[in-house]
Amino acid sequence: MQVGIVSDTHDNTGLVEAAVETFTEAGVETVIHCGDFVAPFSATPFDGDWTFYAVRGNNDGEWALESTVDGFGTYLGEMGELTLDGAEFAVYHGTSGAIVDALVECGTYDYVCHGHTHEAGSEEYEETVRINPGGIAIPPAPDPFSVATLDTASGDLTFHEIG
């Protein structure tokens with residue numbers, strides 16, 4: 001299964017649309033948004049031909065975001081757990097680094113997806129892979145916006161630079 005992972009889009013509709021296009025071209029079946037849409041209009045472009053999950057980010061200030069996402073996907077609140085293609089996922093925005101570390105180190109999940117730092121990257125700890133797809137370029141994270149795709153069958157993770 002192809003899973004698209006995105007975070008920290010911060011109302012940038014151009015980048016949101018580019019992320020949706022990237023996921024469509026990659027044949028993504030499920031999209032995970034790790035928070036910081038900011039406003040509900042930034043969520044609606046993700047209403048596509050895939051299953052959609054999202055968590056709340058620290059800048060998601062409009063409470064209508066939950067009902068907007070629930071109109072086409074599943075809003076998981078502050079943190080969520082998913083089983084996709086037999087793989088266990090934890091999804092959390094990443095506001096607390098200690099919580100991200102605990103999710104990775106507990107050994108319960110195959111993948112821990114988070115954002116918040118706007119810095120794309122991944123690392124493996126024992127049997128768990130931590131994935132941060134990146135976010136809009138804001139100091140101290142000057143890298144261009146990126147999203148990630150994960151093939152759950154092979155474990156192949158690809159970062160796609162956008163913008």
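**View 1. Strands S7 and S9 run side by side.** In this predicted model, three bridges join S7 (residues 111–113) to S9, and the two strands run parallel. Two of the facing pairs are easy to pick out. Val112 stands opposite Arg130 in S9, and Cys113 stands opposite Ile131 in S9.

**View 2. On to the pairing of S8 with S9.** Here the sense is antiparallel: S8 (residues 121–125) and S9 are held by five bridges. Look for Ser122, whose bridge partner in S9 is Ile131. That makes Ile131 a handy landmark, with Cys113 opposite it and Ser122 as a bridge partner. The hairpin of S8 and S9 has two residues between the strands, and Glu126 in this hairpin takes a positive phi near 50°.

**View 3. Strand S9 up close.** How many residues of S9 are buried? Five of five, so to speak the full run of residues 128–132, and the strand counts as mostly covered. Now for the side chains. In a regular strand they alternate between the two faces of the sheet. In S9, Thr128, Arg130 and Asn132 point one way, while Val129 and Ile131 point the other way. Both sets are buried, Arg130 and Asn132 included.

**View 4. Ser122 and its surroundings.** Ser122 has its place in strand S8. Is Ser122 buried or partly exposed? Its relative accessible area is 37%, which lies between the 20% and 50% cut-offs, so Ser122 is classed as partly exposed. Setting aside neighbours within four places in sequence, Ser122 is in contact with Val129, Arg130 and Ile131, and also with Leu157 and Phe159. Val129 and Ile131 point one way from S9, and Arg130 points the other way. For a sense of distance, take Ala137, which is 15 residues from Ser122 along the chain: the two C-alpha atoms are separated by 18 Å.

**View 5. The sheet these strands belong to.** Five strands make up an open sheet with mixed pairing, in the order S5-S6-S7-S9-S8. Its edge strands are S5 (79–84) and S8, each of which pairs on one side only. Neighbouring strands in this sheet are turned by 20° against each other on average, direction ignored. The mix shows up around S9, which runs parallel to S7 but antiparallel to S8.

**View 6. Helix H3 laid over the sheet.** H3 (residues 97–105) lies across S5, S6 (87–92), S7, S8 and S9. How does H3 run relative to S6? The angle between them is about 175°.

**View 7. Zooming out to the whole protein.** There are three helices and 11 strands, and read along the sequence they follow the pattern β-α-β-β-α-β-β-β-α-β-β-β-β-β. The C-alpha atoms fill a box of roughly 40 × 30 × 30 Å along the principal axes. The radius of gyration is 14 Å, which agrees with the value near 15 Å for a compact globule of 163 residues. Buried residues make up 50% of the 163. The accessible surface comes to about 7,100 Å², and 46% of that belongs to carbon and sulfur atoms. Among contacts between residues at least 6 apart in sequence, 48% join residues at least 24 apart.

Note on methods
Residues are numbered from 1 along each chain as its sequence is written. This is a predicted model: local features need pLDDT of at least 70, side-chain atom pairs count only at pLDDT 80 or more; totals for chains, interfaces and linings use all residues. Side-chain values use heavy atoms; hydrogens and water are left out. Buried means under 20% relative accessible area, exposed over 50%, partly exposed in between (1.4 Å probe, protein chains only). Helices (H or I, at least four residues) and strands (E, at least two) are DSSP runs, numbered from the N terminus. Two strands pair if DSSP finds at least two bridges between them. Contact means heavy atoms within 4.5 Å. The radius of gyration is taken over C-alpha atoms; the globule rule is 2.2 Å times the number of residues to the power 0.38. Accessible areas come from the Shrake-Rupley method with a 1.4 Å probe; for residues, only the protein chains shown count as cover. Axes are lines fitted to C-alpha atoms, for helices over the stretch in contact, and angles run from 0 to 180 degrees between N-to-C directions.
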